[in-house]
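Here is a short report on one protein chain. It moves from the overall fold to the cores, then to single residues and the cysteines.

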Amino acid sequence: MASSTAFDPDLIRGLEALAATTFPKRCRCCGRSFTDVADYVAQTDAMPNGAQGLKQSLGEDGHVVVDLFRNCPCGSTLMDSFSDRRDTSAQGEARRLRFNELMAYLQSRGLAAEVARHELLEVMHGRPSPILTQIRPPATGKTKHA
């Protein structure tokens, strides 16, 4: 008998695949690895001379892209973009495809599109999503009364 608190395994696999296309990030100079956004910020230093380290621009599709510049302990300047829309690499395409698949899946499980998008973005940025932890596996067709 399945536990009533079991997480939906399809959702978990999808979230893991989505996060895998975003992190880990690696410094090209020293090879230091950053597991997620929080780790990236914690292991790196702010830009010198009080520079904010943020750059905002418009991507090719007209959406705002924010780049966060930080210094690796080895001295190399690193950048992380907080928009996946501008990434036209195979990895960026895979991330968008997985995101769209998860959006459709969550909507089929009853979440409104706006809620599904917000919760997926929360997870992508390393924050918890209490709403997604409530998604349960689809019924197998068997009932307890059969």
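Along the sequence, the elements of this predicted model run α-β-β-α-β-β-β-α-α. That gives 4 helices and 5 strands. The chain has 146 residues, and 31% of them count as buried. Its accessible surface comes to about 9,400 Å². Carbon and sulfur atoms account for 55% of that surface. Take the contacts between residues at least 6 apart in sequence: 49% of them join residues at least 24 apart.

**Nonpolar cores**

The largest nonpolar core has 11 residues. Its members are Phe-99, Leu-102, Met-103, Tyr-105, Leu-106, Leu-111, Ala-116, Leu-120, Met-124, Leu-132 and Ile-135. Two elements, α3 and α4, each give two or more residues to this core. The largest share, 5 residues, comes from α3. Met-103 is one of the core members. Beyond its neighbours up to four places away in sequence, Met-103 touches Ala-113, Ala-116, Arg-117 and Leu-120. A second, separate core holds 8 residues, including Phe-23, Phe-34, Leu-68 and Cys-72.

**Helix α4**

α4 covers residues 113–124. With 12 residues at 1.5 Å a residue, α4 should span 16 Å. The C-alpha atoms at its ends are 16 Å apart, so the expected and modelled spans agree. The buried residues of α4 are Ala-116, Glu-119, Leu-120, Glu-122 and Met-124. Of these, Ala-116, Leu-120 and Met-124 also appear in the largest nonpolar core. Just after the helix, Gly-126 takes a positive phi of about 80°.

**Two buried loop residues**

Leu-111 lies in the loop between α3 (90–108) and α4 (113–124). Is Leu-111 buried or exposed? Its relative accessible area is 16%, under the 20% cut-off, so Leu-111 is buried. Leaving aside neighbours within four places in sequence, Leu-111 is in contact with Leu-106, Ala-116, Ile-131, Leu-132 and Ile-135. Leu-132 sits 21 residues from Leu-111 in sequence, and their C-alpha atoms are 9.6 Å apart.

Thr-44 is in the loop between α2 (37–43) and β3 (54–58). Its relative accessibility is 4%, so Thr-44 counts as buried. Not counting residues up to four places away in sequence, Thr-44 touches Phe-34, Arg-70, Asn-71, Cys-72 and Leu-78. Two of these contacts, Phe-34 and Cys-72, belong to the second core.

**Cysteines**

How many disulfides does a search of the whole structure find? The count is 0. The table gives the values for two cysteines.

| Cysteine | Closest cysteine sulfur | Sulfur distance | Relative accessibility | State |
|---|---|---|---|---|
| Cys-29 | Cys-27 | 4.8 Å | 61% | exposed |
| Cys-30 | Cys-72 | 3.6 Å | 42% | partly exposed |

Why is Cys-29 not bonded to Cys-27? The two sulfurs are 4.8 Å apart, which is too far for a bond. A disulfide needs cysteine sulfur atoms within 2.5 Å. Cys-30 is in no disulfide either, with the sulfur of Cys-72 at 3.6 Å. Exposure completes the picture. Cys-29 has a relative accessibility of 61%, so Cys-29 counts as exposed. Cys-30, at 42%, is partly exposed. Cys-72 is one of the residues of the second core, and Cys-72 is also touched by Thr-44.

Note on methods. Residues numbered from 1 in each chain as written. Predicted model: local features only at pLDDT ≥ 70, side-chain atom pairs only at ≥ 80, totals over all residues. Heavy atoms only, no water. Buried < 20%, exposed > 50% of the residue type's maximum accessible area, 1.4 Å probe, protein only. Contact = heavy atoms within 4.5 Å. Areas by Shrake-Rupley, 256 points an atom, 1.4 Å probe, with all protein chains shown as cover. Core = buried A, V, L, I, M, F, W, Y, C linked by side-chain atoms within 4.5 Å. Expected span 1.5 Å × (residues − 1).
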